[in-house]
Amino acid sequence: MKLYLSVKIAFKMKNYTLTFVLSASSEKSVGDVEKVIKSFSGEVNKKTEMGRKTLAYLVKKQSEGLYFDWEISLDPSNVNALKAKLNLMPEVLRYLVLLA
């Protein structure tokens, strides 16, 4: 019975691309973003750090940001909750969640 439940949960998960920008002074917040994903029973499949870049305009009074592009697996019912949680994190300047 437990095997059936774990297969059912894994089957519902879909792959997403999460691109986000952190404020340049908060490099330790990458772990916080990963904890948020794991709190919604998701997992990070691939991490790509695109580095520090100058923003085209000020975002939350920041002129530079750290860009990240991750491939994650997440239950579709938790995507809106993930977006709401990312909105509440002050170190996340911008984010984009796309179905891969």
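**View 1. L58, an exposed leucine on strand β2.** In this predicted model, L58 counts as exposed because its relative accessibility is 61%, and the cut-off for that label is over 50%. The residue sits in strand β2. If you want a distance to check, try L58 to L93: the two are 35 residues apart along the chain, and their C-alpha atoms are separated by 10.0 Å.

**View 2. The hairpin of β2 and β3.** Here β2 (residues 43-59) runs antiparallel to β3 (residues 62-74), and the pairing extends over eleven bridges. Look at V59 and you'll find its bridge partner in β3, Q62. Two residues lie between the strands, and K60 takes a positive phi near 50° in this hairpin.

**View 3. S29, a buried serine in helix α2.** Helix α2 covers residues 29-39, with S29 among them. Is S29 buried or exposed? It counts as buried because its relative accessibility is just 8%, and the cut-off is under 20%. Leaving aside residues up to four places away in sequence, S29 touches L22 and E91.

**View 4. L22 and its neighbours.** Swing over to L22 and the contact to S29 turns up again. With residues up to four places away in sequence left out, L22 also touches V30 and V33, then E64, G65, L66 and F68, and finally E91, V92 and L93. L22 is also one of the residues with the most contacts inside the largest nonpolar core.

**View 5. The two faces of helix α3.** Helix α3 spans residues 79-88, and V79, L82 and L86 are buried in it. These three are on the same side of α3 because they cover an arc of only 60° around the axis. What covers them? The cover includes β1 (14-23), α2, β3 and β4 (92-99). Turned away from that buried side is the face with the exposed residues N80, N87 and L88.

**View 6. The largest nonpolar core.** This core has 21 residues. The ones with the most contacts inside it are L18, L22, V33, I37, W70, I72 and L82. At least two core residues come from each of β1, α2, β3, α3 and β4. Which element gives the largest share? That's β3, with five residues. L82 ties this view to the previous one: it is buried in α3 and is on the list of residues with the most contacts inside the core.

Technical notes
Residues numbered from 1 in each chain as written. Predicted model: local features only at pLDDT ≥ 70, side-chain atom pairs only at ≥ 80, totals over all residues. Heavy atoms only, no water. Pairing = 2+ DSSP bridges. Helix = DSSP H or I, 4+ residues; strand = E, 2+ residues; numbered from the N terminus. Buried < 20%, exposed > 50% of the residue type's maximum accessible area, 1.4 Å probe, protein only. Contact = heavy atoms within 4.5 Å. Arc of directions from axis to C-beta. Core = buried A, V, L, I, M, F, W, Y, C linked by side-chain atoms within 4.5 Å.
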